[in-house]
Amino acid sequence: MRRRDLVFYLPVAAAGGFFLWFGVRTYNLRFRPRPEALEPQWKEGPRVEVARLGELPLWGAKPFRYPLPQGELSAFLLRLPEPAPGGLSLGEEHYIAFSRICTHQACTLNYVPDPEAASLLYNFRYERPFLGCPCHFGAFDPLLGGKAVYGPPRYPLPRLRLEAQGEALYATGHEVPLRPMEGL
Ligand code: FES
């Protein structure tokens, strides 16, 4: 190949590579199917009080820490407007608890109560509050049991088992596998 040809072909190859990368990325972010969060399989764990009943408003979230042999797990308790897979319903009150560790690369998730305000940052418009990752802007839907709905994460968030006793809510175990630490 002549040097003059290289001047032509190199930029064409670079542009082709860019568009290929961009297409794969767009497909992964927007269209690639992600696994549903089905009914969880629980592993028994310590019993930890996480809230009083009625303490959280609708769509309220409360962070807590759950002790595990490998260290404390950062988690969220949420009160939802309707039942969700793996959650706990007590009459008209519906709760669910999640690990806050992103199933992509283990960053700590935030609760995003106002999806409209966050839509610019995430480049993602959603119809209800979600759990968002500040590292690569992944998003998980609490009403779908923590299913990954946007960004690089593929797997749903592990849930924590909830039980009610008296006026208190307790976390009493966690879902297996506990991604991303286990089961990739
Ligand atoms: S670590 Fe959460 S999206 Fe990458």
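**Group meeting talk: a hairpin, a sheet and a core**

Let's start at a turn. Strand 8 and strand 9 form a hairpin with five residues between the strands. In that hairpin, Gly145 takes a positive phi near 75°. Keep in mind that this is a predicted model.

How do strand 8 and strand 9 pair? They pair in the antiparallel sense, over three bridges. Here is one residue pair to find on screen. Ala139 has Tyr150, in strand 9, as its bridge partner.

Now widen the view. The hairpin strands belong to an open sheet of four strands, in the order 6-7-8-9. The pairing in this sheet is antiparallel. Which strands stand at the edges? Strand 6, residues 110-112, and strand 9 do. Each has a single partner strand, so one side of each is left without a neighbour in the sheet. Neighbouring strands here are turned by 40° against each other on average, direction ignored. A helix joins in too. Helix 2, residues 115-122, packs on the sheet and touches strand 6, strand 7 and strand 8. The direction of helix 2 makes about 30° with that of strand 7.

Next, the whole chain. How many helices and strands are there? The protein chain has two helices and eleven strands. In sequence order, the pattern reads α-β-β-β-β-β-β-α-β-β-β-β-β.

Look at the other end of the chain for a moment. UniProt, in an unreviewed entry, lists residues 6-24 as "transmembrane region". In the model, that stretch is 100% helix and 0% strand. Its end C-alpha atoms are 27 Å apart.

What about overall dimensions? The C-alpha trace spans about 80 × 35 × 25 Å along its principal axes. The radius of gyration is 20 Å, while a compact globule of 184 residues would have one near 16 Å. Buried residues make up 30% of the 184. Now take the contacts with a separation of 6 or more. Residues 24 or more positions apart account for 48% of them.

On to the core. In soluble globular proteins, nonpolar side chains tend to be buried together. Here the largest nonpolar core holds 33 residues. Which members touch the most others? They are Phe76, Leu77, Tyr95, Ile96, Ala97, Phe98 and Leu131. Several strands give two or more residues to this core, including strand 1 (41-52), strand 5 (93-99) and strand 10 (159-165). Strand 8 and strand 9, our hairpin pair, are also among them. Strand 3 gives the most, with six residues.

Zoom in on Phe76. Set aside its neighbours within four places in sequence. Its contacts are then Ala61, Pro63, Ala97, Phe98, Arg100, Tyr111 and Leu131.

One last residue: Ala171, in strand 11. Is Ala171 buried or exposed? The cut-off for buried is 20 or more other C-beta atoms within 10 Å. Ala171 has 25, so it is buried. Again leaving out neighbours within four places in sequence, Ala171 is in contact with Val48, Val50, Tyr66, Ala97, Leu160, Arg161 and Leu162. Ala97 appears in the Phe76 list as well. Finally, compare sequence and space. Ala171 and Pro40 are 131 residues apart in sequence, and 14 Å apart in space, C-alpha to C-alpha.

Technical notes: Residues numbered from 1 in each chain as written. Predicted model: local features only at pLDDT ≥ 70, side-chain atom pairs only at ≥ 80, totals over all residues. Core = buried A, V, L, I, M, F, W, Y, C linked by C-beta atoms within 7 Å. Buried ≥ 20, exposed ≤ 12 C-beta atoms within 10 Å, placed from the backbone. Contact = placed C-beta atoms within 7 Å. Rg over C-alpha atoms; globule rule 2.2 N^0.38 Å. Pairing = 2+ DSSP bridges. UniProt positions renumbered as here; feature names shortened; annotations may be inferred. Axes fitted to C-alpha atoms, helices over the stretch in contact; angles between N-to-C directions.
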